[in-house]
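User: Please examine the structure below with me. I would like to go through its burial, its cores and its surface in turn.

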Amino acid sequence: GTLFLDELGELSLSLQSKLLRVLQERSFERIGNSTGIPLQARLIAATNCNLEREVAEKRFREDLYHRLNVVTLCVPPLRQRKEDIELLAHHFLHRASRELNKPLRGMESAVIQRLVSYPWPGNVRELEHVIKRSALLARSDILTIDDLAIPSPLEEKAASASTRDPLPGLAQAVRQALHEAMEQPGPLGEAGGIFHHLIGYAERELIAEALRICNDNQVSAAKLLGLHRTTLRNKMPKSDT
């Protein structure tokens, strides 16, 4: 058969080494069992990361990269293949109709025009989720522009204008964080305490501001800050629940 591994670039280094061993030995063991089982599957992997850059920055094993890099297919983002949008939208609509047990025959032309004009930052998955939400909201057997769960052109323009240049917001967040940290009680009198106190406080506020700018999308926030998503997760404040 075929084993598909999605978001390969998000594997931790420890899991990368385990995957490499499986590929090299062509066998694996079940948890709690030492008996090797032959691997009889074709492996397909996908990632949004630039693996060559990840290898150069020591976040992805070079030997695993070369082991996997046999045939590479680069799929352009959805906004660069607009001719696929209508076909995919109809496919997802029919699927949603079956899953929701809701008869949906199609969509009006205004819906197609809006779907084609939208930039789709979340690619095909975003399109699938938009169609499913819209199908859930549909009030007839034809999807209309009023049913479409997607930002309007005005809302989209306003959102892009507010996030066009995130650096001033990040800089302001850091300045505000440092100001607040200096006013709060902390280990400022201890040797070296002020540095760690201020850096830790500013770092938390910087990550929080990046997440706000990116609508809590950790991948986008990590890219904005120049961090790997795993690093961002490790630095995020831990929840009490």
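Analyst: Buried means under 20% relative accessible area, and exposed means over 50%. The model discussed here is predicted.

User: Is His228 buried or exposed?

Analyst: His228 lies in the loop between helix H10 (218-225) and helix H11 (229-235). Leaving aside neighbours within four places in sequence, His228 is in contact with Gly9, Glu10, Glu54, Arg59 and Ala222. Because its relative accessibility is 10% and the cut-off is under 20%, His228 counts as buried.

User: Is Val70 buried or exposed?

Analyst: Val70 is found in the loop between helix H3 (62-68) and helix H4 (85-100). The relative accessible area of Val70 is 68%. The cut-off for this class is over 50%, so Val70 is exposed.

User: Which residues make the nonpolar surface patch that includes Val70?

Analyst: The patch covers about 380 Å². For the chain, the exposed area is about 16100 Å², and carbon and sulfur atoms supply 55% of it. The residues that make the patch are Val70, Val71 and Leu73.

User: Which helix supplies the largest share of the largest nonpolar core?

Analyst: The largest nonpolar core has 21 residues, and those with the most contacts inside it are Leu93, Met107, Leu115, Trp120, Leu127, Ile131 and Ile150. At least two residues of this core come from each of H4, helix H5 (109-117) and helix H6 (123-137). The largest share, five residues, comes from H4.

User: How many residues does the other core, apart from this one, have?

Analyst: This other core lies apart from the largest one. Among its members are Leu19, Leu20, Leu23 and Leu64. Its number of residues is nine.

User: Which residues does Ile131 contact beyond its neighbours within four places in sequence?

Analyst: Ile131 is one of the residues with the most contacts inside the largest nonpolar core. With neighbours within four places in sequence set aside, the contacts of Ile131 are Ala89, Phe92, Leu93, Met107 and Leu115.

User: What is the geometry of the aromatic pair formed by Tyr118 and Trp120?

Analyst: The count of aromatic pairs comes to one. Its rings, those of Tyr118 and Trp120, lie 4.6 Å apart centre to centre, with 85° between the planes. Both residues, Tyr118 and Trp120, are buried. Planes over 60 degrees apart define the class, so the pair is edge-to-face.

User: What percentage of the residues of the chain count as buried?

Analyst: The chain contains 11 helices and six strands. Of its 241 residues, the share that counts as buried is 27%.

Note on methods:
Residues numbered from 1 in each chain as written. Predicted model: local features only at pLDDT ≥ 70, side-chain atom pairs only at ≥ 80, totals over all residues. Heavy atoms only, no water. Phe/Tyr/Trp six-rings, centres within 6.5 Å; stacked < 30°, edge-to-face > 60°. Buried < 20%, exposed > 50% of the residue type's maximum accessible area, 1.4 Å probe, protein only. Patch = residues over 30% accessible without salt bridge, like charges linked within 9 Å, V, L, I, M, F, W, Y side chains within 5 Å. Areas by Shrake-Rupley, 256 points an atom, 1.4 Å probe, with all protein chains shown as cover. Salt bridge = Lys/Arg side-chain N within 4 Å of Asp/Glu carboxyl O. Helix = DSSP H or I, 4+ residues; strand = E, 2+ residues; numbered from the N terminus. Core = buried A, V, L, I, M, F, W, Y, C linked by side-chain atoms within 4.5 Å. Contact = heavy atoms within 4.5 Å.
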